[in-house]
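Hi everyone, thanks for coming. Let's have a look at this model together, starting with its rings and then moving on to its pockets.

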Amino acid sequence: MIRFTDRAAFGAALAKLPSPDPAAIEAARARQASLTKPPGSLGRLEDIACWLAGWHAEARPRIEQARAVVFAGNHGVAALGVSAFPAEVTRQMVANFESGGAAINALSKLAGLTLEVVALDLDRPTADFTQAPALSEAECLAALDAGARAVPDGCDLLVLGEMGIANSTAAAALAARSYGGDAVDWVGPGTGIDRAGIARKIAVVEAGLAFHAEAPIDAFETLRRVGGRETAAIAGAVLAARHRRVPVLLDGFICCAAIAPLAADNPAIVDHALAGHRSAEPGHARLLDRLGLDPLLSLDMRLGEASGAAVAVLLLRAALAAHDGMATFAEAGVSGAT
């Protein structure tokens, strides 16, 4: 199992990323060409099946041990009036996840996902990133490591999400520090704040970016300076999943912002990931474009907690059902294209 014991281990893991199995991809493409349909007629479903084949190293992959992991953390900037909800809602929602009452519980059951909730020091919010780094080096490494440990043995699909009041503020700062632009380009309503709340949120992100302007801009420093425990954990999980060749399905703006610092350093990190959906948070479409990810769904969702990604799992299952279950032209006695 990959571990993030120090910054050097994290940097080395990000610098050298495993690739998918080219022979499995080629075999999956050959199978697609032999199925009883015009070539390309199932559109992205065909691409998804071949993508999964490469990461599973199987011409006919299956999703049998899929896991959804929701990481939760609290943020010091919540005290600055950037959310419509108080910080204690993070802990309350974690309890709701654990008792089975949240959207992700219902959607995980539908999508055939086992669900794990990882609460990260909810009694210790991160520091206010307008005044200090949100996390110390040790805290950031611990969160990255928690993410890595959440990738279970035998997992064949990892679905990632988060919970944390004020984490859309951190996400905006992560995106801005990774890809540039002003705070206003990345800040949105999050949990539903009004115009005055958005103005406060923009000011907070601007202040945070200014405070850390002279600090190194690399993945580790960005994650620890303006991120949170749950966003660092998502980054750790994505990186660990890559080294174990586990395909990843990302949720919305916050989840994608968590890997933006990694992608800014090494764009290939997204090769084993799909964007489950494009959320209603305004910055998400811009961020997906910078990451080079084409979302599977666009349903105006903005809940987080892996809800959009869980819905997208149904598309992956549809892709594999067709890929594995259809007859070939030869099997069906149907004449192929000439």
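**Rings and pockets**

Searching the whole structure turns up 2 aromatic pairs, where rings of Phe, Tyr and Trp (its six-membered ring) pair if their centres lie within 6.5 Å, and planes under 30 degrees apart count as stacked, over 60 as edge-to-face and the rest as tilted. Take F4 and F10: their ring centres are 5.8 Å apart and their planes meet at 70 degrees, so this pair is edge-to-face. F4 and F10 are both buried (under 20% relative accessible area, 1.4 Å probe, protein chains only). Together with F220, F4 and F10 make one aromatic cluster.

A quick word on the ground rules: this is a predicted model, local features need pLDDT of at least 70, side-chain atom pairs count only at pLDDT 80 or more, and totals for chains, interfaces and linings use all residues. Residues are numbered from 1 along each chain as its sequence is written, and side-chain values use heavy atoms, with hydrogens and water left out.

Now, which ring has the charged end of R286 over it? That is W186, with the charged end 5.6 Å from the ring centre; the cut-offs are CZ of Arg or NZ of Lys within 6 Å of the centre and within 35 degrees of the ring normal.

On to pockets (open sets of points on a 1 Å grid over the protein atoms alone, where a 1.4 Å probe fits, with protein on both sides within 12 Å along at least five of seven lines; lining residues have an atom within 4 Å of a point). The largest has a volume of about 470 Å³. Its lining counts 27 residues, and G190, T191, R302, L303 and G304 are the closest to its centre.

Methods. Grid points are joined across faces, edges and corners, and a volume is the space filled by probe spheres set on the points. Buried means under 20% relative accessible area, exposed over 50%, partly exposed in between (1.4 Å probe, protein chains only).
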